[in-house]
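Q: Please choose a single part of this structure and take me through it closely, explaining each term as you reach it.

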Amino acid sequence: MLAILAFHRIGEPGPGGWETWYYNTAAEFTGYLSYLQEHDWRVIDVATLLRGLSDPATLPHQAALLTFDDGYRSVLEVAAPVLRRFGYPAVVFVPSAYVGLGSHAFDADSAEPDEPLCDWDELRELERQGVSVQSHGATHRAFSKLDPAQQEDELCRSKADLESRLQKPVELFSFPYGDGGGEPRDVSGLLERVGYRAACLYDGRANPVPPANPYRLSRLTLGRWSDPRAELDKVVGGLRGPLRLSRPERDK
């Protein structure tokens, strides 16, 4: 079984902010990692994931990948020290056009408080600490609202920018808003053609091993007020349908 856990912001809202579902406190986040450790989950890195997609026998029986969407600075300031205590790797999906702007302007029409995003030096520091920076598109646009040429531009621009700035391969993609965009076969073919090896949705499921489609990997959507033990117990019990989480309709 492969459980890909999806987070956004770790810690408390900044000055002028307010609590929303997309915040996990440091204590809540630590609770998730403690559960994984105590229940024999093996937290894997991107290389292990990609190798396991082509050779499923190399994946642990209970494999978990920790992911963060959008690249908020709290991943570096709050989440990374917790990950380091556990010795766990992780992934942060970044919309490359917004790196260093200090704001999630791509979501300005949401009801979420503004939070600073990592700049390039901070992303490099995350890389040094074992948090792999991967693609969340260039401008964080929902794929179903883009034509094929625009989808390709989002994928290619983000990949090129991240690889140039970080001097590393970028082979994993997370669909903004969990929007897989159009016909899965066409989108999967596009992702493969431009050089990605896997892509993540945001749909509240776990993955069988091997997954049916590496470009439609499910993720467990975890936010504020989720019960870490209850949610992961459902996965251990074999549930592969949607988890009943009190999360907003508008995913990120």
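A: What follows is a close look at one helix, with a short word on the whole chain beforehand.

This is a predicted model, in which local features need pLDDT of at least 70 and side-chain atom pairs count only at pLDDT 80 or more, while totals for chains, interfaces and linings use all residues. Residues are numbered from 1 along each chain as its sequence is written, and side-chain values use heavy atoms, with hydrogens and water left out.

The protein chain has 7 helices and 10 strands (DSSP runs numbered from the N terminus, H or I of at least four residues for helices and E of at least two for strands). Of its 252 residues, 58% count as buried, a word that stands for under 20% relative accessible area, with over 50% called exposed and anything in between partly exposed (1.4 Å probe, protein chains only).

The part to look at is helix α3, which runs over residues 73–86 and so contains 14 residues. From its first C-alpha to its last, α3 reaches 20 Å, close to the 20 Å expected at 1.5 Å a residue (1.5 Å times one less than the number of residues). Even so, α3 is bent by about 45° at alanine 79, and proline 81 follows within four residues (the bend is the angle between axes fitted to the seven residues ending there and the seven starting there). Just after the helix, glycine 87 takes a positive phi of about 75°.

Alanine 79, where the bend lies, is also one of the buried residues of α3, alongside Ser74, Val75, Leu76, Ala80, Val82, Leu83 and Phe86. These buried residues pack against two other helices, α1 (26–38) and α4 (120–128), and also against the strands β2 (9–10), β5 (63–69), β6 (90–94) and β7 (131–135), where contact means heavy atoms within 4.5 Å.

The helix also takes part in the largest pocket, which holds about 150 Å³ of space. Of the 14 residues that line this pocket, the closest to its centre are Ile10, Glu12, Ser74, Glu77 and Glu115. The elements that give two or more residues to the lining are β2 and α3, and the largest share, 4 residues, comes from α3. A pocket here is an open set of points on a 1 Å grid over the protein atoms alone, where a 1.4 Å probe fits, with protein on both sides within 12 Å along at least five of seven lines, and lining residues have an atom within 4 Å of a point; its volume is the space filled by probe spheres set on the points, which are joined across faces, edges and corners. Ser74 therefore appears twice in this account, as a buried residue of α3 and among the residues closest to the pocket centre.
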